Amino acid sequence: MGRVAPVERPELRWPGKATDVVEAVAHVPELVVEQPGVSDNVLIIAENGAALRALGRSSRADLLAESLVKLAYLDPPYNTGNRFDHYDDAMHSAHWLDDLRERLLSLKKIMHTDGSIWLHLDDSEQHHGRCLMDEVFGREAFVATVIWQRRTSRDNRTAFSISHDYIHVYAPAGPKRWKQVRNGLADNGAFANPDNDPRGPWRSVPLSAQAGHATASQFYTITTPRGLALEPPPGRCWTYTASRFQELVEEGRVYWPKGGLGRPRLKRFEGEVTGLAPSTLWLADEVGDNAAAKKELLRSVGGDRPFDTPKPESLMERIIHVATDPGDLVLDPYLGSGTTALVAARMSRRWVGVEEQEFTVRNIAVPRLEAGGAGGFALVVAGS
Ligand SMILES: C[S@@+](CC[C@H](N)C(=O)[O-])C[C@H]1O[C@@H](n2cnc3c(N)ncnc32)[C@H](O)[C@@H]1O
């Protein structure tokens, strides 16, 4: 049986896959400022393969100056086979893969060391997309795949009613390091101070945990202030060892429910809460769905040819919040109707957007950004 040439680690292959970086021989256009901006933000009307090559070159010079991309959000055509009013979503899979691979390779060069890349796809190509991300950024850069509920109504035309998309999140620094720099989600849990604790409002959390990884020192008997002897609940252990638990009692950090008859809980003070780890399931009632996104766009630009596939502003808000801080640079190489740029500007992030369809830029994204108070950006076109 014939064998294909060996590779260093598992990777996706397809007919005609480039064995090297096309970039080395590809043309790099000049980026020409058509309309200068009063902010650091830039909207580029160009094919993004060329634009990313040009940005890579200018990252040491003018356009990106010294700032590298903290968040790259990629929402490419999913390759569903549809032909939308504003762009084509039907490519041969091999061609789609070649294009995306080349863009990811260019992107890698302009990413900040603490940056992250969020690749948004549906079932048409998401499995291939993840393999490509592994190939370009390394499996060790994988952070999570977010499932976003894009639709809440049922679609009876298909065998399954598809309710979700996938967003593959990669951080070149690796998930451990990235966890230290990413932002958690707001913790809206209620805090109160029923005992006038001078440390301020608090709420209580359990002092037991699942026993799966417990050590022997987490199983002991706790005696409550009313003299009740308590073992950990079935299948659980105490969160802390007996000596650490005793310290917490002495520090006044243990709350005894039911007047000292219930299981002890830890007092967690409002000032100590650092934000919640985002879960991988993002529901429409938290971050919007496709229908909400279309309504938002229509409200801001109206028109008789609305853009087919905008993303909800709240979805972008969450991504930008988790991945960046004010002043950071956000890049969207598939800008479409401009959602990422609009939200980034509102959140005081700098942004670069690339979109190849001139109609989309001039008739949808630009008016939308101006109507949303995000004007003042430079409009750039790819020259020869
Ligand atoms: C799924 S839409 C992005 C929607 C966007 N996230 C929004 O909220 O409006 C994909 C966009 O990428 C653009 N596009 C596709 N291929 C491109 C390329 N090679 N270079 C630049 N833009 C491209 C399409 O014209 C389309 O507007």
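How many helices and strands make up the secondary structure of the protein chain? In this predicted model, eleven helices and 19 strands are assigned to the protein chain. The C-alpha trace extends over about 80 × 65 × 50 Å along its principal axes. Of the 384 residues in the chain, 34% are classed as buried. Among contacts with a separation of 6 or more, 72% involve residues that are 24 or more positions apart.

The largest nonpolar core contains 72 residues, and the members touching the most others are I44, A72 and I117. Helix α2, spanning residues 93–109, supplies the largest share of this core, with six residues. Leaving aside residues up to four places away in sequence, I117 is in contact with A72, L74, L107, M111, F137 and Y170. A72 thus appears both as a contact of I117 and among the members of the core that touch the most others.

I44, another of those core members, belongs to strand β2, which comprises residues 42–45. In a regular strand, side chains point alternately to the two faces of the sheet. Both faces of β2 are covered: V42 and I44 are buried on one side, and L43 and I45 are buried on the other.

Strand β2 is paired with two further strands. With strand β18 (residues 350–355), β2 runs parallel and is joined by four bridges. The pairing of β2 with strand β19 (residues 378–382) is likewise parallel and also comprises four bridges. L43 takes part in both pairings, standing opposite G353 in β18 and opposite L379 in β19.

Notes
Residues are numbered from 1 along each chain as its sequence is written. This is a predicted model: local features need pLDDT of at least 70, side-chain atom pairs count only at pLDDT 80 or more; totals for chains, interfaces and linings use all residues. A nonpolar core is a set of buried Ala, Val, Leu, Ile, Met, Phe, Trp, Tyr and Cys residues joined through C-beta atoms within 7 Å. A residue is buried if 20 or more other C-beta atoms lie within 10 Å of its own, exposed if 12 or fewer, and partly exposed in between; C-beta atoms are placed from the backbone. Helices (H or I, at least four residues) and strands (E, at least two) are DSSP runs, numbered from the N terminus. Two residues are in contact if their C-beta atoms, placed from the backbone, lie within 7 Å. Two strands pair if DSSP finds at least two bridges between them.
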